[in-house]
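Work through the following exercises with the sequence and the model side by side. Each task is followed by a solution that proceeds step by step.

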Amino acid sequence: MNTFDAKRRKLLVLGGVALGAALLPGQALASLSTSRPRILTLNNLHTGESLKTEFFNGKSYNKEELARLNHFFRDFRENLVKGIDPHLFDQLYRLQMMLGTRKPVQLISGYRSPATNNALRASSKGVAKNSYHTRGQAMDFHIEGIALSNVRKAALAMRSGGVGYYPRSNFVHIDTGPVRHW
């Protein structure tokens, strides 16, 4: 393949992603309003755990599966579990629909206890004092096989919470707080 073909292919792929991000938010939102099961497949990069869960059965949230997700998203440093906002899982599911993937989500950080958050703040400038992680409303992640920049673009197109982009650390942050980005 010559250089021209490679550049053309890359341009077409990026154009398709941009078009999909512009056109699919309505379809992705519709996928949340239809009565279909919502399934997530995740890997926790710190604990080595994997989880495939149908957290919404098409009519209601499955309490047992939400409990499994809460444990999966726990503060692994202190082994503390907190209830995670189910809308965060909805956002993640919607994001995967927009990106057209069911590949595993690689969880880097879910819930953080205030103590863990303060310890991380002491060693990093990028950790917020009143982080949505401490409320069970945020996650840091990437999706296997999907360019991080495309994950960010799709998350921004959803307009449903905070979106942080950390390409040097290879993750995107989403939360269920007010719409904003950095």
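**Exercise 1. Establish which residues T53 touches, and whether T53 is buried or exposed.**

Solution. Begin with the contacts, where contact means heavy atoms within 4.5 Å: leaving aside residues up to four places away in sequence, T53 touches R38, I39, L40, E65, R68 and L69. Next, place the residue in the fold: T53 belongs to strand β2, residues 50-56, where helices (H or I, at least four residues) and strands (E, at least two) are DSSP runs numbered from the N terminus. One of the contacts is also polar, since the side chains of T53 and E65 are joined by a polar contact of 2.5 Å; such a contact is a pair of N or O atoms within 3.5 Å, of which, within protein, one must be able to donate a hydrogen and the other to accept it, and residues adjacent in sequence count only if both atoms are side-chain atoms. Finally, T53 counts as buried because its relative accessibility is 1%, buried meaning under 20% relative accessible area, exposed over 50% and partly exposed in between (1.4 Å probe, protein chains only).

Before going further, note that this is a predicted model, in which local features need pLDDT of at least 70 and side-chain atom pairs count only at pLDDT 80 or more, while totals for chains, interfaces and linings use all residues. Residues are numbered from 1 along each chain as its sequence is written, and side-chain values use heavy atoms, with hydrogens and water left out.

**Exercise 2. Determine the order of the strands in the sheet and which strands stand at its edges.**

Solution. The open sheet has 7 strands in the order β2-β1-β3-β4-β6-β5-β7, with mixed pairing; two strands pair if DSSP finds at least two bridges between them. β2 and β7 (180-181) stand at the edges with a single partner strand each, so one side of each is left without a neighbour in the sheet. Turning to the helices, α2 (residues 63-72) lies across β1, β2 and β3 and runs at about 140° to β2. Helix α5 (residues 148-158) also packs on the sheet, touching β4, β5 (162-166), β6 (171-175) and β7, and its direction makes about 165° with that of β5. For these angles, axes are lines fitted to C-alpha atoms, for helices over the stretch in contact, and angles run from 0 to 180 degrees between N-to-C directions.

**Exercise 3. Trace the pairing of β3 with β1 and with β4.**

Solution. On one side, β1 (residues 38-44) and β3 pair in the parallel sense over 3 bridges, and L42 stands opposite V105. On the other, β3 and β4 (residues 138-143) pair in the antiparallel sense over 4 bridges, with V105 opposite I143 and Q106 opposite H142. As for burial, 4 of the 5 residues of β3 (105-109) are buried.

**Exercise 4. Find which faces of β6 are covered, and describe how β6 pairs.**

Solution. In a regular strand the side chains alternate between the two faces of the sheet. Both faces of β6 are covered, with F171, H173 and D175 buried on one side and V172 and I174 buried on the other. β6 pairs with β4 in the antiparallel sense over 4 bridges, where F141 stands opposite V172. With β5, β6 also runs antiparallel, joined by 4 bridges, and the bridge partner of G164 is H173. The hairpin of β5 and β6 has 4 residues between the strands, and N170 there takes a positive phi near 60°.

**Exercise 5. Identify the residues with the most contacts inside the largest nonpolar core.**

Solution. A nonpolar core is a set of buried Ala, Val, Leu, Ile, Met, Phe, Trp, Tyr and Cys residues joined through side-chain atoms within 4.5 Å. The largest one has 32 residues, and L42, F73, L95, M139 and F141 have the most contacts inside it. Among the elements that each supply at least two residues are β1, β2, α2 and β6, while α3 gives the most, with 7 residues. L42 touches, among others, L69, F72, F73, L92 and V105.

**Exercise 6. Decide where the coordinates call for caution.**

Solution. The mean pLDDT (the predictor's confidence in each residue, from 0 to 100) is 88, and 81% of the residues reach 70 or more. Over residues 21-32, however, the pLDDT is below 50. Where pLDDT is low, the predicted coordinates should not be read in detail.
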